[in-house]
Amino acid sequence: MKNTEIKIVDTTLRDGEQTAGVVFSKAEKLQIARMLDEIGVHQIEAGIPVMGGDEEEAIKAIVKAGLKASIMGWNRAVISDIEASLRCGVDAVAISISTSDIHIKYKLKKTREWVLESMVKATEFAKKHGVYISVNAEDASRTDMDFLLQFAKAAKEAGADRLRYCDTVGIMEPFTMYEVIKTIIEKVGIPVEMHTHNDFGMATANALAGVRAGATYVGVTVNGLGERAGNAALEEVVMALKYIYNIDVGIKTYKLRELSEYVAKASQRELPVNKAIVGKNIFAHESGIHADGVIKYPKTYEVFSPEEVGGERQIVIGKHSGTHALIRKFQEYGITLSEEDAQELLKKVRALAVELKRPLFDKELMYLYQDYLKEKAEKEGV
Ligand SMILES: CC(=O)SCCNC(=O)CCNC(=O)[C@H](O)C(C)(C)COP(=O)(O)OP(=O)(O)OC[C@H]1O[C@@H](n2cnc3c(N)ncnc32)[C@H](O)[C@@H]1OP(=O)(O)O
Ligand SMILES: O=C(O)CCC(=O)C(=O)O
């Protein structure tokens, strides 16, 4: 597949900020938009203009920043929402409406006909104003397939440039996702964006399944922020496309860690140390067999190098270490350990790591080494 075919649509500033309790300041929104633009995302969903106030000001500031990325405003299928987007000067609008019967009946309290009519009216209105249009089928994954196809066809006829398939409650799994997206593309012939949620931990897998079926846009958020369990994470999707599907979407991946750390701080949602791709510990190796392998040839236990995502490798000395890692650690300090010294010292390392319930700092290793030398000298009667 050609690399340029898949486009990344980032919604950190819309769905990401909808994470319960998260608020970005206007300055943070602008800075995140700049960083997203800098790493090369195709489109930034900047927020919800109809909210007015700070949100509207932030979106206007992002538009004025003159970024390379397309700037999208999110809207309900409501004309006044779209008018608010147009006032912000965005070049793209998302027009969203629920398509599942459960949403239509219990949330909107309307009918399928009303949904079609509202979407078509809103799309035709936006089309007249010359903006790019994504029509979003909210709760698409719980929507009757015949109705979803009818909705997608009507969106295309009304002038939509793409359909956003929303797995709103994260209920899909990759095998079904593949079939559904393939059917939409074959039967309607409209470009599809994947918008997946992580309620069952499958947001990234579902997004990839959609790409495999022919979707050409992937909606993501930095660090997987978003409603409830969040959305497919930008860093995961980009790296998985590259290393699992061999699709390079042209993102400057060496800046991912910096972006993730900024968003973690601005959102006050700390990055777990084992967070895929950008966690602090994902290139940390303690186990003897792993550390030995990585010292000899990093690809034995690393799919890509830490530098590629702005991270760094650490060889951690702790309970599970082996002699190869220990010898190498002491080499960093100009100390050559014999095999026998390393074996003996390792016993002390293990005992102390168990006592402290953590790996050891370099300073602690040096103290252990000094103790070991003293004991050895005493034994030898020196
Ligand atoms: C799955 C998602 O992420 S959808 C995006 C969700 N994001 C947000 O809600 C964040 C921003 N939201 C807001 O600021 C407000 O909810 C606003 C400005 C959009 C609307 O505010 P209010 O007018 O006060 O309405 P409120 O939010 O309480 O209720 C939503 C109304 O929109 C209707 N609605 C919901 N979705 C849609 C839609 N896609 N298209 C048309 N109408 C919709 C609801 O049925 C309800 O209408 P009702 O008043 O006739 O019952
Ligand atoms: O993206 C949309 O327009 C729908 C709202 C959403 O975020 C979702 O359904 O998950």
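These exercises walk through a predicted model, each with a worked solution. Local features need pLDDT of at least 70, side-chain atom pairs count only at pLDDT 80 or more, and totals for chains, interfaces and linings use all residues. Residues are numbered from 1 along each chain as its sequence is written, while chains are lettered from A and ligands numbered from 1 in the order in which they are written.

**Exercise 1. Check the length of helix α2 (residues 26-39) and find what covers its buried side.**

Step 1. Helices are DSSP runs of H or I, at least four residues; strands are runs of E, at least two; both are numbered from the N terminus.

Step 2. Helix α2 has 14 residues, which should span 20 Å at 1.5 Å a residue. The expected span is 1.5 Å times one less than the number of residues. The end C-alpha atoms of α2 are 20 Å apart, so the two values agree.

Step 3. A residue is buried if 20 or more other C-beta atoms lie within 10 Å of its own, with C-beta atoms placed from the backbone. In α2 these are Lys 29, Leu 30, Ile 32, Ala 33, Leu 36 and Ile 39.

Step 4. Their cover includes β1 (7-10), α1 (12-16), β2 (43-47), α3 (53-64) and α11 (256-267). Contact here means C-beta atoms within 7 Å.

Step 5. Look just past the helix. Gly 40 has a positive phi of about 105°.

**Exercise 2. Describe the shell around ligand 2.**

Step 1. A residue counts as near if its C-beta atom, placed from the backbone, lies within 6 Å of the molecule. Around ligand 2 stand Asp 15, Ala 94, Ser 96, Asn 136, Glu 138, Arg 164, Cys 166, Thr 168, His 195 and His 197.

Step 2. Two or more of these residues come from each of β4 (92-98), β5 (132-138) and β6 (162-167).

Step 3. Sort by class. Ala, Val, Leu, Ile, Met, Phe, Trp, Tyr, Cys and Pro are nonpolar, Asp, Glu, Lys and Arg are charged, and the others, Gly among them, are polar. The shell holds two nonpolar, five polar and three charged residues.

**Exercise 3. Do the same for ligand 1.**

Step 1. Ligand 1 is surrounded by 16 residues, the closest being Met 51, Arg 76, Ala 77, Ile 97 and Leu 108.

Step 2. At least two residues come from each of β4 and α5 (101-108). The largest share, three residues, belongs to β4.

Step 3. By class, the shell has seven nonpolar, four polar and five charged residues.

Methods:
A residue is buried if 20 or more other C-beta atoms lie within 10 Å of its own, exposed if 12 or fewer, and partly exposed in between; C-beta atoms are placed from the backbone. Two residues are in contact if their C-beta atoms, placed from the backbone, lie within 7 Å.
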